[in-house]
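Student: Hi! Could you walk me through this structure while I have it open? I'd like to go piece by piece.

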Amino acid sequence: AWAETVVTIDAAKPGAVINKNVYGQFAEHLGTGIYEGMWVGPDSPIPNTKGWRNDVVDALKELHVPLVRWPGGCFADEYHWREGIGPRKDRPVKVNTMWGGVEEPNSVGTHEFFDLVELLGADAYVNGNLGTGSNQEMAEWLEYMTSNTKSGLAELRRKNGRDKPFKVAYFAVGNEAWGCGGNMTPAHYTNLYKTATTFLKAPHDNRPKFIASGGNDHDLTWTSTLSKEVKGNIDGISFHYYTIPTGKWEVKGAATGFGEGEWISTVKNTLAIDKMIANNVKVLDQNDPQKKIGFMVDEWGTWYDVEKGTNSGFLYQQNSLRDAVVAALNFNIFHNYAERVRMTNIAQMVNVLQAMILTDKDKMLKTPTYHAYHMYVPFQDATTLPVAIKDNASYKLGNTAVPQVSASAARGKDGKVYLALVNTNPNKETEVTVNVAGGKAGAVQGSVLTADAMDAHNTFAQPEAVKPVPFTAQAKGGKLSVKLPAKSVVVVNVE
Ligand code: AHR
């Protein structure tokens, strides 16, 4: 029998605060993610500030990007910071052996990265090199960035144009130690982490939070070993999970032109992160009951087959309405674990994997994922509110079924109640009754993101084919019914 879906927000029971860094970004020296996509250099005819494209920076500023992770990813474990300081013309050209074997000019180094985050008004998350670096190299990098003394390294920073120390909000020791970061076991990495952090020193008022490289997918051993063995100097354990439509790395599925089978498997594979986070949080709750350690999902997003004709090492993919739905489903899940999930970084900011922005020479476009981030800005630093969904329907195809509606609510810093809703069904609009427990929901207003096709996307010829439009609904006879279009993301403020 058909039952109406009812979403009830309990505004009287505030939960954890959603750290704004849950909306963090990731920029790796990979493909055109940095060079071309963001960095064009100060002499470029493309309008820029200190080498960074004005169009891209302006668009990112609208997202209130809170945090940027750099320089990798896998690249981080081959990055030597000394090659990226001093006059750019004197910096050595390297081979980016991780990504496409292309030349890495080292034009973007520490000072340029901090120019970017300062232009964005974001915090810096610097990923150290454990793989091919040394404890000394990492420790000296941190001193170079943070010291306010007259030490040789601090003076070198001044000579390179920066008097004041940089603010390093987070510093990670290596990346994916289980794979590209060195193919280690959790026990081996844990010892290396303890040793490295012993020597990572910074002034007490500019001490970064330290992040250990953790596990991925269903592997709990990293979280469990690290949280059991590391007693100090650990503020977070990282975790990576990518949504792959087919679930298989060999043939992942296309970014556009897919059928409904890959729509529903993408939704299902995205929702799988919920259980992974829950399992890791359970381990953390056992080993770290004081909740000192955050669970940092510092890489996530869709990973498709690369676009035809592009360098397979560049991970360039289109981005469609499906990606916006994936982003919103992830946000709603992250909010539920706000107490532990204190940072996430979508992979990646520009031109790589699930990007906010795609560029082509001097042109740029905002992807549907960009729009999802923009719609969710009120959730940054908002206080979660419990949401109950009664009689949620299933959206089914063949043997696969997923919940049709996903919902999340929070009280924004402006005091207003925000509600995010996703309809995962690409074929059917769904009607949801919205209630506020112990109060009244009179109206909602905000925006909706949807399109006719599952793979609707923006192109340089039609950069605004997919974008949010205003959305409102009014209570009638004391009942607030909200119609969610098929395959849509809705974010509203509830009055
Ligand atoms: O985001 C692309 C790559 O995916 C990162 O460099 C690596 O950490 C992960 O395997």
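Student: Let's start with S18 and S19: in which sense do they pair, and over how many bridges?

Tutor: Happy to. Keep in mind that this is a predicted model. Strand S18 (residues 394–397) pairs with strand S19 (residues 400–403) in the antiparallel sense, over four bridges. Within that pair, Lys396 stands opposite Ala401 in S19.

Student: And how many residues sit between the strands of that hairpin?

Tutor: Two residues lie between S18 and S19, and Gly398 of this hairpin takes a positive phi near 55°.

Student: Cool. Which residue has a positive phi although it is not a glycine?

Tutor: Asp217 is one, with a phi of about 45°. You'll find Asp217 in the loop between strand S10 (209–212) and H6. For context, most residues other than glycine have a negative phi, and most peptide bonds are trans.

Student: Speaking of peptide bonds, which ones are cis here?

Tutor: I can point you to a couple. The bond from Trp70 to Pro71 is cis, with omega near 0°, and Pro71 has its place in the loop between strand S5 (67–70) and strand S6 (94–96). A cis peptide bond also joins Ala347 and Gln348, with omega about -5°. Gln348 lies in the loop between strand S13 (343–347) and strand S14 (357–360).

Student: Switching to the ligand: which residues surround it?

Tutor: The shell consists of Glu28, Gly72, Gly73, Cys74, Asn175, Glu176, Glu299, Ala347, Gln348 and Leu353. So you meet Ala347 and Gln348 again there, the two residues joined by that cis bond.

Student: How does that shell divide by residue class?

Tutor: Three of the residues around the ligand are nonpolar, four are polar and three are charged.

Student: Now helices. At what angle do H6 and H7 pack?

Tutor: Helix H6 (residues 221–229) packs with helix H7 (residues 260–287) at about 15°, and their axes are 9 Å apart. With that angle, H6 counts as roughly parallel to H7. The crossing of H6 past H7 is right-handed.

Student: Which residues make the contact?

Tutor: From H6 you have Thr223, Ser224, Ser227 and Lys228, and from H7 Asn280, Val283, Leu284 and Asn287. By class, the H6 contact with H7 has two nonpolar, five polar and one charged residues.

Student: What about H5 and H6, how do their axes cross?

Tutor: The axes of helix H5 (residues 186–199) and H6 come within 9 Å and cross at roughly 40°. H5 and H6 are therefore oblique to each other. H5 passes H6 in a right-handed crossing.

Student: And which side chains should I highlight for that contact?

Tutor: On the H5 side, pick Pro186, Ala187 and Thr190; they meet Thr221, Trp222, Thr225, Leu226 and Glu229 in H6. The residues of this H5 contact with H6 divide into four nonpolar, three polar and one charged.

Student: Back to strands. What is the strand order in the six-stranded open sheet?

Tutor: The order is S16-S20-S21-S26-S23-S24, with antiparallel pairing. Strand S16 (383–385) and strand S24 (469–474) each have a single partner strand, so one side of each is left without a neighbour in the sheet. On average, neighbouring strands of this sheet are turned by 25° against each other, ignoring direction.

Student: How many bridges link S16 to S20?

Tutor: Three bridges, with S16 and strand S20 (residues 405–411) paired in the antiparallel sense. The bridge partner of Thr384 in S20 is Ala410. Helix H9 (residues 368–375) packs on this sheet and touches strand S23 (443–449) and strand S26 (488–494). The direction of H9 makes about 160° with that of S23.

Student: Last one: how is the sheet of four strands ordered?

Tutor: That open sheet runs S17-S1-S22-S25, and its pairing is mixed. Its edge strands are strand S17 (387–390) and strand S25 (481–484), each pairing on one side only. Neighbouring strands there are turned by 25° against each other on average, direction ignored.

Student: And which way do S1 and S17 run relative to each other, parallel or antiparallel?

Tutor: Antiparallel: four bridges join strand S1 (residues 5–9) to S17. If you want a pair to click on, Val6 has Lys390 as its bridge partner in S17.

Note on methods. Residues are numbered from 1 along each chain as its sequence is written. This is a predicted model: local features need pLDDT of at least 70, side-chain atom pairs count only at pLDDT 80 or more; totals for chains, interfaces and linings use all residues. Two strands pair if DSSP finds at least two bridges between them. Axes are lines fitted to C-alpha atoms, for helices over the stretch in contact, and angles run from 0 to 180 degrees between N-to-C directions. Angles under 35 degrees count as roughly parallel, over 145 as roughly antiparallel, 65 to 115 as roughly perpendicular and the rest as oblique. A crossing is left-handed if the near helix is turned anticlockwise from the far one by less than a right angle, and right-handed if clockwise. Two residues are in contact if their C-beta atoms, placed from the backbone, lie within 7 Å. Ala, Val, Leu, Ile, Met, Phe, Trp, Tyr, Cys and Pro count as nonpolar, Asp, Glu, Lys and Arg as charged, and the others, Gly among them, as polar. A residue is near a molecule or strand if its C-beta atom, placed from the backbone, lies within 6 Å of it.
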